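Dear colleague,

I am handing over the structure below, and my notes on it follow directly after.

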Amino acid sequence: MSGIVTAVSRNETYTFTKPNRDSVTLLAGLGVEGDVHSGVTVKHRSRVAKDPTQPNLRQVHLIHEELFDEVRAKGFEVAPGELGENITTRGIDLLALPTGTLLHLGAEAVVEITGLRNPCYQIDNYQDGLLKEVVGRDEAGHIVRKAGIMGIVTRGGAVGPGDPIEIVLPAEPHRPLDRV
């Protein structure tokens, strides 16, 4: 399996959206250089309030661009970086990958998937009604989170639009993604 990076984004301040960049640098054990969520310990405000010493399992946020196509069909316009992701991809079913999958991004960088993004009300503040399109329920009534995945940087490097993504699955048994 392989895919491609279609956009990269980062922001030095806490805002919902992140501006696109020509490239970003991933730093091992930290995240995206210059991004507000970079660091060894949690940076998301709600998690810091609970326990600021928790390890940062959300150093990098990835979203599949196919989600934008899906919500566009329902009347929403969303572009890369607008849901706060750092890396936008195409050609990979990110949500189906197991925990511990390694994503080789570009020539050097590697991100280990830690889990699903748990989208919050800020998505509706961005576009009213969008939250129900990225969080729903399947036929069995289980919650389905579609707003991307989170990961940690295990090897740093530059990443930019057009870079290939190679997937290395962990040893079985695979553990499905859960929210982090």
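Strand S3 (residues 24-27) pairs with S4 in the antiparallel sense over 2 bridges, where strands are DSSP runs of E of at least two residues, numbered from the N terminus, and pairing requires that DSSP finds at least two bridges between the two strands. Within this pairing, Leu 27 has Gly 31 of S4 as its bridge partner. Both strands belong to an open sheet of 3 strands in the order S4-S3-S12, with antiparallel pairing, and its edge strands, S4 (31-32) and S12 (157-159), each pair on one side only.

Please bear in mind that this is a predicted model, in which local features need pLDDT of at least 70 and side-chain atom pairs count only at pLDDT 80 or more, while totals for chains, interfaces and linings use all residues. Residues are numbered from 1 along each chain as its sequence is written, and side-chain values use heavy atoms, with hydrogens and water left out.

The largest nonpolar core (buried Ala, Val, Leu, Ile, Met, Phe, Trp, Tyr and Cys residues joined through side-chain atoms within 4.5 Å; buried means under 20% relative accessible area, with a 1.4 Å probe and protein chains only) has 23 residues, and Leu 26, Leu 103 and Leu 105 have the most contacts inside it. Strands supplying at least two residues each include S3, S5 (60-64) and S7 (102-105), although S8 gives the most, with 4 residues. A second, separate core of 12 residues includes Val 78 and Leu 83.

His 64, found in strand S5, counts as buried because its relative accessibility is 9%.

Best regards

Terms used:
Buried < 20%, exposed > 50% of the residue type's maximum accessible area, 1.4 Å probe, protein only.
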